[in-house]
Amino acid sequence: MNRLTKVAGAVMMAMAAGASLSAQAADVVKVGFLTTLSGPASAPGVDEREGFMLAMKMLGNKLGGVPAEVIVVDDQFSPDAAKQGADRLIKREKVDILSGFVYSNILLAVAPAAFASKTVVVSANAGPAQLAGAGCNPYFFSASYQNDATHEAAGKLMADKGYQRVAIIAPNYPAGKDASAGFKRFLKKDPALELFPKLGQLDFATEIAQLRAANIDALYFFLPGGMGVNFVKQYAAAGMDPKIVRVMPAYDADQQMLSNGDLIAGVANTGQWSADLPNEQNRAFVAAYVKEYGHQPSMFASQAYDAAMLIDSAVKAIGGKVENREALIAAIKAANFKSVRGGFKFAANHFPIQNQYARVVTKGADGKYVNNMTQTLLPDHVDAYVGQCKMP
């Protein structure tokens, strides 16, 4: 059985009202939050939950002024468990919206049932190419990024620096394949070496031996959760040149990774958010997060916080009438909220149009490692698949 925890601003059941513009506002808005909360791959999911629940606390446990119930389900890093959890959320709990989703294989496992039931999905992380192009769907929105984008920015950064023999290592699952595609798209040449370990793998002796033999001058790695931490520790223990690890995705340079900052000091990372982005909403979010949890937020937390604020803005715009799915979809698409990223708008495929930045891991005056933004790599970036999307 899935672990299921209810964190609620109200415990009333949602109304069984019809989906018409004249419908009454819901008694309670129900959100199913499906994410990875157990095992070595769970750190991003924990961050997601923290970011979303911080937003709910700041909103008084309401969405659009309506009492809200957030039902948190651990997908156990398993597509089968995720499908069972989603089935429970959709059929028994009758949630209005599904959110969360760290891993793309989990999202892709759940999406068909969600769309068939006309349940709106607002992903707080996973953004697979399959839902950005020909498989786009009006019931799906990404509050994060299309998977390729972060890696496209990394490819551009490495191309700009003129590295000649570049290697990439990423997990063998949909987001890993998107990482490779995006990275190569902006690197503008084939890498000297591509490695695709199993998702969740924790022993990288074979891959490190291959990297040693490849005579590379730069390495890009996308290894989420415990994978990345284990990799950098084993890489250092193997006596590999630390200067060859050049770039990683910003969401991998999270609190878990920064606790091993001596191993990644000076390493660049790319993404659409940084804790030092100079806007009022971001400053308030970072301060509130540090106060609540005692450490800096990760990109996963920032995206989940934005997901909650996006949902809040949409529910408010339709007066709480969430049974009207068409109105809810239109209100989410309007994205009338203040993002921690600054400006926020959707492309035609319901993925964000946004800047991609470079950051660097730096040791602060207090001895703790942080990420400092260094440049904008891709301003107002639109994903590569939007032209294939013909929204029904």
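Two strands count as paired if DSSP finds at least two bridges between them, and strands (E, at least two residues) and helices (H or I, at least four) are DSSP runs numbered from the N terminus. With that in hand, here is a look at strand β2 and a pair of helices. This is a predicted model, in which local features need pLDDT of at least 70, side-chain atom pairs count only at pLDDT 80 or more, and totals for chains, interfaces and linings use all residues. Residues are numbered from 1 along each chain as its sequence is written, and side-chain values use heavy atoms, leaving out hydrogens and water.

Let's start with β2 and its partners.

| Partner of β2 | Bridges | Direction | Opposite residues |
|---|---|---|---|
| β4 (residues 66-74) | seven bridges | parallel | K30 and E69 |
| β5 (residues 97-100) | four bridges | parallel | F33 and S99 |

Strand β2 (residues 29-35) is largely enclosed by the rest of the structure, because seven of its seven residues are buried (under 20% relative accessible area with a 1.4 Å probe, protein chains only; exposed is over 50%, partly exposed in between). In a regular strand, side chains alternate between the two faces of the sheet. Here V29, V31, F33 and T35 point one way, while K30, G32 and L34 point the other.

Now to the helices. The axes of α2 (residues 79-92) and α3 (residues 104-116) come within 9 Å and cross at roughly 35°; axes are lines fitted to C-alpha atoms over the stretch in contact, with angles from 0 to 180 degrees between N-to-C directions. In α2, P79, A82, K83, A86 and I90 meet N105, I106, A109, V110, A113 and A114 of α3, where contact means heavy atoms within 4.5 Å.
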